[in-house]
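Me: Got a minute to go through this model with me? I'd like to talk about the strands and a few side chains.

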Amino acid sequence: MEARGRRPRSALATVWILVACAAIGTGIGLVVRHVRSDDGGGPKPIRVRPARPGPQSAAGLWLFGATTVRLDPTTLSDPRDVGFQGFGAVLGGEATVYLYDPTTGRLGVIDATRNELAGRTNVPVQGGVSADVAPVLAEQRGALWLVTGPGRLTRDELATGATTEVTLPTDVVSESAAGGPPAPAATRVVANDEAAWAVYDLGVMGNPALPAAVRVADDGAITARAALPDRVDGDRFEPQAVALGDGTLWIVGRTAVVGLDPATLAVRRSFTVQDGTPVDLHGGAVAGGLLWSYDAQGGALLGIGPDAGGVRRRVVLTGAQTPSRAPATIVGGGNVLWVRIRIGSPNTLEQLITRVDAQSGDITGRFSAPPQLEVGEIAVSRAAAVGE
């Protein structure tokens, strides 16, 4: 049931368009607006300057849009145009950012210490994944797991280029439950040093999809499999995001969450998220002992208790600005979260990037990017841990 296969595509690719620059003094820069959390005077213009020459810090907050802009990840200040465009889905690593376009198979690696796109390659992909599907790439000990098609993964060894292809099993759900021979659809992947996990839809065209999960070893062997609950508290469960943390594989749906044992894929918890009003959840990350997701309905970041789904922290990100009901990006690192949401008119690409302390729920920084920058994704590269 671990058949080998080809790769997918996930239309997470964003077409970047160069933005007109404004000359200020002797420098050329993009005009963006930077809003500090303690700023009482409202947005203030600031220009994006060219990247500094020479060696850079390994830690950075990266905004991918009409150009690629790098900020200080702690202060969300000092925006620098690094001079190239990103593509596809993005993932921050140690002194690195990975770029992957599951539509075309393009794969790129950014060296954060040099602000350079240091390597590019292509992997074969097979189409059919929605643009809203995420995550489609995961890092694992010098390798990347890539979603290369519906129900298909590829493990790419970055140092050698060797690949392992995995076709995910379709018999995880029965034909009687699916209404016919099930076929794979939207597929997501996460990984840590021990294994990779794929969460994917199985079904028959015209019938509701049934969610499934598998655990995958380095060599592509399927070491655990499970059909997931298709309903939580009576409502249909539709996976939107997957996150690993605190010893649990978390699957976030529109209104509910399912937590799995990472080794056996047994369901540990399943609950509807309760915030007083109906929620519309996007994204997921674990930080500060809570599972975090963005409620597009209420425009707030929710810190969800891992026991019964109660909202323990509710962080309103937008202030007086109007949130757009669009998917968000949440990046977790230790006890810090970085969140990208769309604000203003639904016809523009004005984005607000916010830094949040996951333990207190305090907003510790904001950066407001105007529509001209066309920010589509963010990533955070990190410095090496002490002792490594």
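Reply: Sure. One term up front for the hairpin we'll get to: two strands pair if DSSP finds at least two bridges between them. Also keep in mind that this is a predicted model.

Me: OK, so that hairpin: how many residues sit between E29 and E30?
Reply: Two residues lie between E29 and E30 in the hairpin. Gly 334 is in the turn, and its phi is positive, at about 65 degrees.

Me: And how many bridges hold E29 and E30 together?
Reply: Five bridges, with strand E29 (residues 329-333) and E30 pairing in the antiparallel sense. As for who faces whom, Val 331 has Trp 338 in E30 as its bridge partner.

Me: What does E30 pair with on the E31 side, and over how many bridges?
Reply: E30 is joined to strand E31 (residues 351-357) by seven bridges, and the two run antiparallel. In that pairing, Val 339 is opposite Thr 354 in E31.

Me: Is E30 mostly covered or mostly open?
Reply: Mostly covered. Strand E30 spans residues 336-342, and six of its seven residues are buried.

Me: Switching topic. What's the strand order in the sheet with E7 in it?
Reply: That one is an open sheet of four strands, E7-E8-E9-E10, with antiparallel pairing. Strand E7 (89-93) and strand E10 (116-122) each have a single partner strand, so they are the edges, and one side of each has no neighbour in the sheet. On average, neighbouring strands there are turned by 20 degrees against each other, ignoring direction.

Me: How many bridges between E7 and E8?
Reply: Five, between E7 and strand E8 (residues 96-101), running antiparallel. One of the partnerships is Leu 91 with Tyr 98 in E8.

Me: What about the sheet with E11, which strands are at its edges?
Reply: That sheet is also open, with four strands in the order E11-E12-E13-E14 and antiparallel pairing. Strand E11 (137-140) and strand E14 (163-167) are at the edges; each has a single partner strand, so one side of each lacks a neighbour in the sheet. The average turn between neighbouring strands of this sheet is 20 degrees, direction ignored.

Me: And how do E11 and E12 line up?
Reply: Antiparallel, over four bridges, with strand E12 covering residues 143-149. Gln 140 is opposite Ala 143 in E12.

Me: Leu 153 caught my eye. Buried or exposed?
Reply: Leu 153 is buried, because its relative accessible area is 0% and the cut-off for buried is under 20%. Leu 153 belongs to strand E13 (residues 152-157). From Val 136, Leu 153 is 17 residues away in sequence and 9.2 Å away in space, C-alpha to C-alpha.

Me: Now Thr 248. Which strand is that in?
Reply: Thr 248 is in strand E22, which covers residues 248-253. At 3% relative accessibility, Thr 248 also counts as buried.

Me: What does its side chain make a polar contact with?
Reply: The side chain of Thr 248 makes a polar contact with the side chain of Arg 268, at 3.2 Å. Beyond four places in sequence, the residues in contact with Thr 248 are Ala 243, Gly 259, Leu 260, Pro 262, Arg 268 and Arg 269.

Me: Last one: how many aromatic pairs turn up in the whole structure?
Reply: Zero, in a search of the whole structure. On the subject of rings, though, Arg 106 lies over the face of Phe 87, 4.1 Å from the ring centre.

Conventions:
Residues numbered from 1 in each chain as written. Predicted model: local features only at pLDDT ≥ 70, side-chain atom pairs only at ≥ 80, totals over all residues. Heavy atoms only, no water. Buried < 20%, exposed > 50% of the residue type's maximum accessible area, 1.4 Å probe, protein only. Polar contact = N/O pair within 3.5 Å; in protein donor to acceptor, adjacent residues only side chain to side chain. Contact = heavy atoms within 4.5 Å. Axes fitted to C-alpha atoms, helices over the stretch in contact; angles between N-to-C directions. Phe/Tyr/Trp six-rings, centres within 6.5 Å; stacked < 30°, edge-to-face > 60°. Lys NZ or Arg CZ within 6 Å of the ring centre and 35° of its normal.
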